[in-house]
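Here are a few exercises to help you find your way around a structure you haven't seen before. Try each one yourself, then read through the solution.

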Amino acid sequence: MTANDAAAGAILRIDLDAIIDNYRLIQQRAALAEVAAVVKADAYGLGAARVAAALRDAGCRRFFVAHLVEAARLREAIGDGVEIGVLNGLQPGAEAACAELGTVPVLNALDQIERWAALARASGARLPCMIQFDTGMSRLGLSPGEVRALIDRPERLDGLDIRLIMSHLACADEPERASNRHQAQAFDAFCARFPGIPRSLDNSGGALLPRAHHYDVVRAGIALYGGAPQTGPNPMRPVVTLDARVIQLRTVEPGTAVGYGLTHRFDRPARLATLSVGYADGWPRSLGNRGAAYVAGHRAPIVGRISMDSLTIDVSDIPEELLLPGSLIELIGPHQSIDDIARDAGTISYEILTQLGHRYARSYLPSPSLHQRKAAQA
């Protein structure tokens, strides 16, 4: 245990080897498609610099973030030699900064295409880009009307090096939804207008859909980080564990209530443990009186509301010798996955990961560098 671990209220461990194994599993499922890593939102809360460096060493050469500011941080962290796509496209006035950084904007509307092409003409250089079509999600991407306008005036694309044509599945986590097939058909129709350009439709869930082909690029997100990409059994390796420290132990009498609002009252004598994690650390407040922690494999329900910096669990049925002040208690681990927590909190695993706070002592299970892997194989 390091001094940093002892000073923190909880320890968050991130298994980079598991992320690489998940990346390789997606590669297998995606057949001949390239797998790009989505590392937006600080790699879903797990640290984009460390995660992207490990994936780069494992062979990943294409990354996606949401904002240009994320692209700048990622470029500084992992250097050149990889492509960084910006999913939210170009904000007005950001064109020069995007070009200087060497990132590739995903152009989602005609005005973005026109501004990026204008910079290309003004600079006398072909500028890289990706173009996204809306195939039914109504979130980002050119509408069918904008596509027709683009086809009618193809000179709008003069000066642009189109690296990828893409769209996004709305229901890839539900394999039986007809919308997956309808979106793929709409995407094929768009792509036919732009022959010879690499295509990308599948996200994590899409990569596992029973489809004969997955186009040219699969954009892997939640599956890299251990979340279930679809309903049903999860084939991905868990990536994170979170253990919270016991702050205090107490015994209470029948009739005693606990927490803000006194929302849980005991009808028997009970032993309680207060843990050093709360909603300021990203632990969902909705888990009050619903969620649980695990003590040496024993389930301990959360009682009362979750506070900013702490939560309380009922440990009445757990052997006393398993609990001491400072003991580490499992919040995420072998007995409770991020998808289990999301279910109990009424949310999704994406939100659980991206809310994980910065007061935890973070540790990474190192992934050997590519050089070390090659040396071991020699």
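**Exercise 1. Find which residues the ring pairs link into a cluster, and look closely at one of the pairs.**

Start with the cluster: in this predicted model, ring pairs join up Tyr44, Tyr225 and Tyr350. Now pick Tyr44 and Tyr350, whose ring centres are 6.0 Å apart, with 35° between the planes. Rings pair if their centres lie within 6.5 Å, so 6.0 Å makes the cut. For the angle, under 30 degrees would be stacked and over 60 edge-to-face, so 35° makes this pair tilted.

Next, see where the two rings come from. Tyr44 sits in helix 3 (residues 40–44) and Tyr350 in helix 12 (residues 349–354), so the pair ties together parts that are 306 residues apart in sequence.

Last step, check the surroundings. Tyr44 has a relative accessible area of 6%, so we call it buried. Tyr350 comes out at 36%, so this one is partly exposed. As for the whole model, the count of aromatic pairs is five.

**Exercise 2. Work out what lies over the face of Tyr364.**

Go to the ring of Tyr364 and look along its face: you'll meet Arg50, at 4.3 Å from the ring centre. A charge over a ring has to have its Arg CZ within 6 Å of the centre, and 4.3 Å fits that part of the rule.

**Exercise 3. Take the salt bridge between Asp243 and Arg13, and say which parts of the chain it links.**

First the contact: the side chains of Asp243 and Arg13 meet with an N to O distance of 3.1 Å. The cut-off is 4 Å, so this counts as a salt bridge.

Then the location. Asp243 belongs to strand 10 (residues 240–252) and Arg13 to strand 1 (residues 10–15), and the two residues are 230 apart along the chain.

Now the accessibility. Buried means under 20%, so Asp243, at 15%, is buried, while Arg13, at 33%, is partly exposed.

**Exercise 4. Do the same for Glu114 and Arg156.**

Here the closest N and O atoms are 2.2 Å apart, and the two residues form a salt bridge. Glu114 is found in helix 7 (residues 110–123), and Arg156 in the loop between helix 8 (144–152) and strand 7 (160–166), 42 residues apart. Glu114 is partly exposed at 37% relative accessible area, but Arg156 is buried at 13%.

**Exercise 5. Try Arg199 and Asp216, then step back to the salt bridges as a whole.**

The side chains of Arg199 and Asp216 meet in a salt bridge at 3.2 Å, N to O. Arg199 is in strand 8 (residues 199–200), whereas Asp216 is in the loop between helix 10 (204–207) and strand 9 (217–220), with 17 residues separating them in sequence. Arg199 is partly exposed at 27%, and Asp216 is partly exposed at 31%.

Stepping back, the model's salt bridges number 19. Some form a network, which links Glu34, Arg62, Glu83, Asp161 and Arg163.

**Exercise 6. Locate Glu321, and decide whether it is buried or exposed.**

Look in the loop between strand 16 (311–314) and strand 17 (328–332): that's where Glu321 lies. Exposed means over 50%, so Glu321, at 64% relative accessibility, is exposed.

To finish, go from Glu321 to Gln91: these residues are 230 apart along the chain, and their C-alpha atoms are separated by 58 Å.

How values were computed. Residues are numbered from 1 along each chain as its sequence is written. This is a predicted model: local features need pLDDT of at least 70, side-chain atom pairs count only at pLDDT 80 or more; totals for chains, interfaces and linings use all residues. Side-chain values use heavy atoms; hydrogens and water are left out. Helices (H or I, at least four residues) and strands (E, at least two) are DSSP runs, numbered from the N terminus. Buried means under 20% relative accessible area, exposed over 50%, partly exposed in between (1.4 Å probe, protein chains only). A charge sits over a ring if NZ of Lys or CZ of Arg is within 6 Å of the ring centre and within 35 degrees of the ring normal.
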